[in-house]
Structures are given as C-alpha cells and as structure tokens.
Amino acid sequence: MLKYGILGLLSYGQMSGYEIMETFKSSLVFFWKATTSQIYRELKVLEEKGWAEKTVVCQHKKPDKNVFHITEAGKAELARWLSSPPEDVARNPLLMKVFFFAANPVEENRAFFRQLEAESAQAARILQTVPKFIDQYANEVSPADAIYWKMTLDFGFRYQEMIRQWAAACLETLQSELSSSQNNPLSDNPPESVQAEQEEIQ
C-alpha cells in the first residue's frame, strides 16, 4: 500500500526521498505511518517495476541527490489502483484484541480503554494542525486536490471522536459489570468453592 502513497505524491511532481518523507510527516502520517527506510525500499520497488524513474541532481557544495518522477506506466498503475475496491477493510487489530479481553483482569482492560481514550484525544489535537498544511500544499499543487485532502482530514476527526465515544462506553459497561459483581456475594467465589459449600450443607 505504501508504494501507492508514494506514487500519489510523485503524481504531484518530482521529489527526492527526503521530500517524500517530509511530506508524509506533515500529511499522510495521520492515516499511514512510514519510516525512511520503508520509503526508500518502496522507491527501489517502483523503479524496478518501471513506475518511477530516478534522476541524479548535482548540488553545489552538497552531495548529489536522487530525484524521482512518476512514469507513464506509474500513472496507469496509480489510476488502476484508485479505481479498484479498497483492500483489507474487514481487518481491525484493535477489535481482534478486544474480542478476547475476557482473558484479562477487568482492571487491566479498564486501563486499556482509558489509555485509548486519552490517545485518541491527543490524536484529535494533533489533527488540528493539519489544515495549515493542506492550505500550504493546495497553493503549491492544486486547490482541487485539497478538496479530497480535507475529506481524509474530516474522516480523521470523525474517527477519533468515534473512538473516544466507544472507549467511554466500554468503560461504562465494565464499571456496570464490576458494580454488579460486587453486589453479588456469590460472584466473589469461584464455581468450585460454591459447589463445595453446597455439598457441605447437604
């Protein structure tokens, strides 16, 4: 998936690996994280596939730098990917983990949801800085592109709000279950103990 993000950036204009990394940090990182090594590895793949080409640019009193641009084949592949159905929409590592949370102590799970709520609030605050980058890039590239960038930003805000609401609801559910358990004297005894006590009475 990362290679298509890089292709998309190169469709705006030629970039060096460093410029691609910096653009990721100020825009795509909010929904797709990538390290410098991953970006350079994918750039090599794009070259091998003929989707991008590299030009060596000489710099005065600086090391030469590699500048990449998208090829016609790369544009065709990007167009094919953009028109294809989304991938892995049914996979959610967070829900996979929560599904099996009964194996954890309740207090540990409550701490998890509290942390999730706090991290989501922090992510929402960081998203507040994105509009200025969108305006900056819109002036450099195209206002038409900014329309879709703002759609991804809107998704980010809505997603983080949903996460916070869901985490709060999960905490409320766990608190309710905990209160119910504390009010039930039998809940403090494991099934074996309860059975043994009943046998002694008989």
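Student: Which residues are buried in helix α7 (residues 130-140), and why do they line one face of the helix?
Tutor: In this predicted model, the buried residues of α7 are Val130, Ile134, Tyr137 and Ala138. Looking down the axis of α7, these buried residues stay within one arc, so they line one face of the helix. The size of that arc is 105 degrees.

Student: And which exposed residues are carried by the face of α7 turned away from its buried side?
Tutor: Exposed here means over 50% relative accessible area. On the face of α7 turned away from the buried side, the residues that are exposed are Lys132, Asn139 and Glu140.

Student: Let's move to helix packing. How are α1 (residues 2-10) and α3 (residues 36-49) oriented: roughly parallel or roughly perpendicular?
Tutor: Two packed helices are described by an angle and a distance between their axes. For α1 and α3 the angle is about 80 degrees, and the axes are 9 Å apart. Angles of 65 to 115 degrees fall in one class, so α1 and α3 are roughly perpendicular.

Student: Which residues meet there, and how many residues of the contact are nonpolar?
Tutor: From α1 come Leu2, Lys3, Ile6 and Leu7, and they meet Gln38, Ile39, Glu42, Leu43 and Leu46 of α3. Sorted by class, the contact of α1 with α3 has two charged residues and one polar residue, while the number of nonpolar residues is six.

Student: At what angle do α1 and α2 cross?
Tutor: Their axes come within 11 Å. The two helices are roughly perpendicular to each other, and the crossing angle is roughly 105 degrees.

Student: Which residues of α2 make that contact?
Tutor: On the α1 side, the contact is made by Leu2, Ile6, Leu9 and Leu10. By class, the contact of α1 with α2 has six nonpolar residues, one polar and no charged ones. The α2 residues are Ile20, Thr23 and Phe24.

Student: Which element gives the largest share of the largest nonpolar core?
Tutor: That core has 20 residues, and Ile6, Leu10, Ile20, Phe24 and Ile39 touch the most other members. Elements giving two or more residues to it are α1, α2 (17-26), α3 and β3 (62-70). The largest share is six residues, and it comes from α1.

Student: One last residue: is Ser16 buried or exposed?
Tutor: Ser16 lies in strand β1 (residues 15-16). Leaving out residues up to four places away in sequence, Ser16 touches Lys65, Asn66 and Val67. Its relative accessibility is 6%, and the cut-off is under 20%, so Ser16 counts as buried.

Notes
Residues numbered from 1 in each chain as written. Predicted model: local features only at pLDDT ≥ 70, side-chain atom pairs only at ≥ 80, totals over all residues. Heavy atoms only, no water. Helix = DSSP H or I, 4+ residues; strand = E, 2+ residues; numbered from the N terminus. Buried < 20%, exposed > 50% of the residue type's maximum accessible area, 1.4 Å probe, protein only. Contact = heavy atoms within 4.5 Å. Axes fitted to C-alpha atoms, helices over the stretch in contact; angles between N-to-C directions. Parallel < 35°, antiparallel > 145°, perpendicular 65-115°, else oblique. Nonpolar A, V, L, I, M, F, W, Y, C, P; charged D, E, K, R; others polar. Arc of directions from axis to C-beta. Core = buried A, V, L, I, M, F, W, Y, C linked by side-chain atoms within 4.5 Å.
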